[in-house]
Amino acid sequence: MKMKKLGESLLQWLFDSYLKLIERTVRIKWIEDTRFGDSQIFGFWHEDSFFMILVLEKLAHRTTPVDVIVTADTRGNYIEHMIKRSGGNALRVPDGFKAFAALKKIVKDNYEKDHSIAVALDGPLGPRHEPKKLAFYLSEHGDEEFVGISISYSSCIRLNRRWDKYAIPLPFSQVTVAVKDYGVVEKNQVPALPVNADGAEYGSENEREKENLIKWRQITY
């Protein structure tokens, strides 16, 4: 047990140290089509979860406090630690059928407090670039604007063996962050969103020839 905790502490330190390095060395290019101030629902792709820590830290100074929906299993511990380090709050949600009660509470609490919520649209376990309905349900029933965030990296490490092809930006690179406000979005009438900030990548290898936007497919959370 002690070795397990030591290993977790070491990984946590590594994540923290690398995040600090990225924060000091990476240049962010912002492409914004939104306004801030009111509570909003932020949606992003799961592969961008690492850099979203810094994005949400910066957005937190321009909108209401941001709560981030995070998996309740062990891998969520590291994410929660980094979110808290950046001044945010993590909402832990279990995977699978156990998620229903936790999500029901989040919806209820969202009505009662003036907070923004951020969620990985295709998380926690994919499929990649196939968004679930949670973000749009929160937007519709909370009458809050949905803000889509897409990210491009000039240079990054991509973990291709993971389902989400998780991206870790390299030091001294440039990261482009596109932030677009779609207004209040109904869960059955969601907008189109680029997979990345360049609008040039698509949801699967067979979709390369399509236009620069993909139509989000509707699947239940």
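Which residues do ring pairs link into a cluster? In this predicted model, they are Phe 136, Phe 146 and Tyr 182. Here are a few points to look at with the structure open.

1. **The ring pairs.** A search of the whole structure turns up three aromatic pairs. One of them joins Phe 136 and Phe 146 in a tilted arrangement, with 5.0 Å centre to centre and 55° between the planes. This pair links distant parts of the chain, as Phe 136 sits in helix 5 and Phe 146 in strand 6 (residues 145-153), 10 residues apart. Phe 146 also pairs with Tyr 182, again tilted, at 6.0 Å centre to centre and 40° between the planes. That second link runs from strand 6 to strand 9 (residues 174-184), and its two partners are 36 residues apart.

2. **Burial within the cluster.** Phe 136 and Phe 146 are both buried. For Phe 146 the relative accessible area is 0%. Tyr 182, with 21%, counts as partly exposed, because buried means under 20%.

3. **A charge at Tyr 182.** You may like to check Lys 180 as well: its charged end sits over the ring of Tyr 182, 5.5 Å from the ring centre.

4. **Ser 139, a buried polar side chain.** Ser 139 belongs to helix 5 (residues 134-142) and is buried, with a relative accessible area of 0%. What does its side chain find there? A polar atom of the Ser 139 side chain lies 2.6 Å from the backbone oxygen of Glu 144, and one lies 2.9 Å from the backbone nitrogen of Val 185. Not counting residues up to four places away in sequence, Ser 139 touches Ile 41, Glu 144, Glu 145, Phe 146, Gly 183, Val 184 and Val 185. Phe 146 of the ring cluster is thus one of the residues that Ser 139 touches.

5. **The nonpolar cores.** In soluble globular proteins, nonpolar side chains tend to be buried together. Here the largest nonpolar core has 32 residues, and Phe 42, Phe 51, Val 55, Ile 149, Ile 151 and Val 177 are those with the most contacts inside it. Helix 2 (residues 49-59) gives the largest share of this core, eight residues. Apart from it lies another core, of 21 residues, including Trp 45, Val 107, Ala 135 and Phe 136.

6. **Around Ile 149.** Leaving aside neighbours within four places in sequence, Ile 149 is in contact with residues including Phe 42, Trp 45, Met 52, Val 55, Leu 59 and Val 177. Trp 45, a contact of Ile 149, is itself among the residues of the 21-residue core.

Notes. Residues are numbered from 1 along each chain as its sequence is written. This is a predicted model: local features need pLDDT of at least 70, side-chain atom pairs count only at pLDDT 80 or more; totals for chains, interfaces and linings use all residues. Side-chain values use heavy atoms; hydrogens and water are left out. Helices (H or I, at least four residues) and strands (E, at least two) are DSSP runs, numbered from the N terminus. Buried means under 20% relative accessible area, exposed over 50%, partly exposed in between (1.4 Å probe, protein chains only). A polar contact is a pair of N or O atoms within 3.5 Å; within protein, one must be able to donate a hydrogen and the other to accept it, and residues adjacent in sequence count only if both atoms are side-chain atoms. Contact means heavy atoms within 4.5 Å. Rings of Phe, Tyr and Trp (its six-membered ring) pair if their centres lie within 6.5 Å; planes under 30 degrees apart count as stacked, over 60 as edge-to-face and the rest as tilted. A charge sits over a ring if NZ of Lys or CZ of Arg is within 6 Å of the ring centre and within 35 degrees of the ring normal. A nonpolar core is a set of buried Ala, Val, Leu, Ile, Met, Phe, Trp, Tyr and Cys residues joined through side-chain atoms within 4.5 Å.
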